[in-house]
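User: Could you take me through one part of this structure in detail? I would like a close look at the aromatic residues and what surrounds them.

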Amino acid sequence: MLTIIIPIVIILFLTVTYNNLVRKKNNVENAFGSIDTMLKKRFDLIPNLVATVQQYAEHEKQTFSAITNLRTKSYNTLSETEKAEFDRSFTSASRNLFMIAENYPQLKASENFIQLQRTLNETEEQLSASRRTYNACITEYNNAVMTFPSNLLSGIFGFTKKEVFTIPEAERANPNVKDLFKA
């Protein structure tokens, strides 16, 4: 009787552990899909934002060129790393765009610009929430991959630790708002 129960328990343990790791891996992929969706939404907002702002501030070509260059890339062909780099580049360019808006009162008063700014802010908040969800899924997945007893099987089945979404050190610093108004 014991010779029958032990193999059944082992098979059940293997099945439950494997299925748990697969579920967590799928949650990670789903969470990254949410980030990807928000990045795509933001990516599609760029032409509208640029068209609105260009009407008011044609001579600020450097910022608009940076944003336009980001938009000309085909989003669907970008790798996960390139999408993360796009995210960092866009964040920088959009900061410059809003600094320009501070220098042009008629731009700030434009209803189109205000609506686009609101939409962009909403998208950024949703993207931030997606990143938090992604990192939570990564942490849960990594815990399953690295803790006993599932760590005994994770390597055998090809489950490896994943990296959480991080930002560069420069973006962690608090911006000096006083300097932003001097631009």
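Analyst: Let's begin with a definition: buried means under 20% relative accessible area, exposed means over 50%, and partly exposed lies in between (1.4 Å probe, protein chains only). This is a predicted model, where local features need pLDDT of at least 70, side-chain atom pairs count only at pLDDT 80 or more, and totals for chains, interfaces and linings use all residues. Residues are numbered from 1 along each chain as its sequence is written, and side-chain values use heavy atoms, leaving out hydrogens and water.

With a relative accessible area of 35%, Y18 is partly exposed; F157, at 38%, is partly exposed too. The structure holds three aromatic pairs (rings of Phe, Tyr and Trp, the last by its six-membered ring, with centres within 6.5 Å; planes under 30 degrees apart are stacked, over 60 edge-to-face, the rest tilted). The ring centres of Y18 and F157 are 4.7 Å apart and their planes meet at 70°, so this pair is edge-to-face. It links distant parts of the chain, as Y18 sits in helix α1 and F157 in the loop between α6 (151–154) and α7 (169–172), 139 residues apart. Helices here are DSSP runs of H or I with at least four residues, numbered from the N terminus. Together with F159, Y18 and F157 form one aromatic cluster.

Now for I6, which is in helix α1 (residues 2–54). I6 counts as partly exposed because its relative accessibility is 44%.

Note on methods:
Helix = DSSP H or I, 4+ residues; strand = E, 2+ residues; numbered from the N terminus.
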